[in-house]
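Open the model in your viewer and keep the selection panel at hand. The stops below go from a surface patch to the whole chain, then to the charged side chains.

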Amino acid sequence: MTDTSDANKERNREIARNEEAKQVTGSIRVSTWAVAVVVIIGGILFTLGLAALR
């Protein structure tokens, strides 16, 4: 019975490691999109600002 318990614990640890890796990957993806959106909006606002000054 101890072998089964140890196997379950190791399986749960492996699942936790996989879930952590998925979360990190998802966070990086979201961050990349957020930076891209900010750069695009900033470029639009900068262009509108230049146009307004002319």
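**Stop 1: the nonpolar patch**

Select W33, V37, I40, I41, I44, L45 and L48. Together they make a nonpolar patch on the surface, with about 760 Å² of accessible area. Keep in mind that this is a predicted model.

Now pick I44 alone. I44 sits in helix α1, which covers residues 2-53. Is I44 buried or exposed? Neither label fits: I44 is partly exposed, because its relative accessible area is 48%, and partly exposed covers the range between under 20% for buried and over 50% for exposed.

**Stop 2: the whole chain**

Zoom out and switch to a cartoon. The chain has one helix and zero strands. Show the C-alpha atoms and align the view to the principal axes. Along those axes, the C-alpha atoms fill a box of roughly 80 × 5 × 5 Å. The radius of gyration is 23 Å, whereas a compact globule of 54 residues would come in near 10 Å.

Turn on the surface. The accessible surface of the chain is about 5100 Å², and carbon and sulfur atoms hold 65% of that area. What share of the 54 residues is buried? The answer is 0%.

Colour by charge next. The chain carries 7 positive and 6 negative charges, and their mean positions lie 13 Å apart.

**Stop 3: the salt-bridge network**

The structure holds four salt bridges. Select E10, R13, E14 and R17: salt bridges link these residues in a network.

Begin at E10 and take the contacts in turn:

- R13 to E10: the side chains meet in a salt bridge, 3.5 Å from N to O. Both residues lie in helix α1, three residues apart, about one turn of the helix.
- R17 to E10: this pair also forms a salt bridge, and the closest N and O atoms are 3.2 Å apart.
- E14 to R17: here the side chains meet at 2.8 Å, N to O, in a salt bridge. E14 and R17 are separated by about one helical turn because they are three residues apart in helix α1.

Pause on R17. Which partners does R17 have in these contacts? They include E10 and E14.

Finish by colouring the four residues by relative accessibility. R13 counts as partly exposed at 45%. R17 is partly exposed too, at 41%. E10 has 39% and is partly exposed. E14, at 37%, is also partly exposed.

Methods:
Residues are numbered from 1 along each chain as its sequence is written. This is a predicted model: local features need pLDDT of at least 70, side-chain atom pairs count only at pLDDT 80 or more; totals for chains, interfaces and linings use all residues. Side-chain values use heavy atoms; hydrogens and water are left out. Patches are made of residues with over 30% relative accessible area and no salt bridge: like charges are joined within 9 Å, nonpolar side chains (Val, Leu, Ile, Met, Phe, Trp, Tyr) within 5 Å. Accessible areas come from the Shrake-Rupley method with a 1.4 Å probe; for residues, only the protein chains shown count as cover. Helices (H or I, at least four residues) and strands (E, at least two) are DSSP runs, numbered from the N terminus. Buried means under 20% relative accessible area, exposed over 50%, partly exposed in between (1.4 Å probe, protein chains only). The radius of gyration is taken over C-alpha atoms; the globule rule is 2.2 Å times the number of residues to the power 0.38. Lys and Arg count as positive and Asp and Glu as negative; His and the chain ends are not counted. The place of a charge is taken as NZ of Lys, CZ of Arg, CG of Asp or CD of Glu.
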